[in-house]
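Colleague: I would like to learn how to read a model of this kind, taking one feature at a time. Could you walk me through it?

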Amino acid sequence: MKHGVLKLPLNLCRCMKMQKEFRKFCPKCKTHTTQSISIYKKGKDRKMALGARRHAEDKKGYGGQKFPELKRTAKTSKKITLKYTCKNCQRKTMKEGMRIRKLEIQP
Ligand SMILES: [Zn+2]
């Protein structure tokens with residue numbers, strides 16, 4: 001191996017480029033089909049959900065904070081979830097927990 005060649009690991013790259021469509025196995029069609037990708041986004045929280053009400057009740061009053069608040073995070077990337085949509089049957093499959101800084105979806 002040559003000296004002076006700096007090889008960065010994949011997860012240190014500034015951004016990742018992906019094609020919008022590619023062929024992947026579909027569990028419903030049971031073959032490889034053309035699938036489009038998009039980034040999964042979390043839906044809006046319901047304020048009156050039981051967990052949210054319980055959490056609000058726990059945090060209320062003096063000494064309500066149960067764990068130290070995170071001031072600075074050590075990580076520079078976030079986990080994203082990819083959503084694949086099958087062109088034949090519209091079945092959606094997810095790929096969870098990819099740690100990248102930025103994802104560019106190219107047409
Ligand atoms: Zn399918």
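Modeller: What follows goes from the overall layout to the sheet, the helix, the loops and a few single residues. Please keep in mind throughout that this is a predicted model.

Colleague: Where should I begin, and in what order do the elements of the chain run from the N terminus?

Modeller: Begin with the inventory of elements, which here comes to one helix and six strands. Read from the N terminus, the elements follow the order β-β-β-α-β-β-β.

Colleague: What share of the 107 residues is buried, and what share of the contacts between residues at least 6 apart joins residues at least 24 apart?

Modeller: Burial is a matter of counting neighbours, with 20 or more other C-beta atoms within 10 Å needed for a residue to be called buried. By that count, buried residues amount to 2% of the 107 in the chain. Of the contacts between residues at least 6 apart in sequence, 59% link residues at least 24 apart.

Colleague: How do I read the sheet, and which strands belong to the one with four strands?

Modeller: Follow the pairing from strand to strand: the order is β2-β3-β4-β5, in an open sheet with antiparallel pairing. Strands β2 and β5 (92-100) are at the edges with a single partner strand each, so one side of each has no neighbour in the sheet. From one strand to the next, the twist averages 40 degrees.

Colleague: How many bridges join β2 to β3, and how many pair β3 with β4?

Modeller: β2 and β3 are joined antiparallel by six bridges, and in this pairing Phe-25 is found opposite His-32 of β3. Between β3 and β4 (residues 78-86) there are five bridges, again antiparallel, and Ile-37 has Tyr-84 of β4 as its bridge partner.

Colleague: Is helix α1 buried or in the open?

Modeller: Helix α1 covers residues 50-59, and the number of its 10 residues that are buried is zero, so the helix lies largely in the open. After α1 comes Gly-61, with a positive phi near 85 degrees.

Colleague: What should I make of a positive phi in general?

Modeller: Most residues other than glycine have a negative phi, and it is therefore worth noting the residues that depart from this pattern. Lys-30 has a positive phi near 60 degrees, and Lys-30 sits in the turn of the hairpin formed by β2 and β3, which have four residues between them. Lys-30 counts as exposed, because 8 C-beta neighbours lie inside 10 Å. Gln-90, in the loop between β4 and β5, has a positive phi near 65 degrees, and Gln-90 is likewise exposed, with 8 other C-beta atoms within 10 Å.

Colleague: Which residues is Cys-29 in contact with, leaving aside its neighbours within four places in sequence?

Modeller: Those residues are Cys-86, Asn-88 and Cys-89. Cys-29 belongs to the loop between β2 (21-26) and β3 (31-39), and its 13 C-beta neighbours inside 10 Å make it partly exposed. Although Cys-29 and Cys-86 are 57 residues apart along the chain, their C-alpha atoms are 8.9 Å apart.

Colleague: Where does Lys-17 lie, and is Lys-17 buried or exposed?

Modeller: Lys-17 is part of strand β1 (residues 16-19), and Lys-17 is exposed, with 10 other C-beta atoms within 10 Å. Beyond its neighbours within four places in sequence, Lys-17 is in contact with Glu-104 and Gln-106. From Lys-17 to Lys-102, the C-alpha to C-alpha separation is 8.6 Å, across 85 residues of sequence.

Notes
Residues numbered from 1 in each chain as written. Predicted model: local features only at pLDDT ≥ 70, side-chain atom pairs only at ≥ 80, totals over all residues. Helix = DSSP H or I, 4+ residues; strand = E, 2+ residues; numbered from the N terminus. Buried ≥ 20, exposed ≤ 12 C-beta atoms within 10 Å, placed from the backbone. Contact = placed C-beta atoms within 7 Å. Pairing = 2+ DSSP bridges. Axes fitted to C-alpha atoms, helices over the stretch in contact; angles between N-to-C directions.
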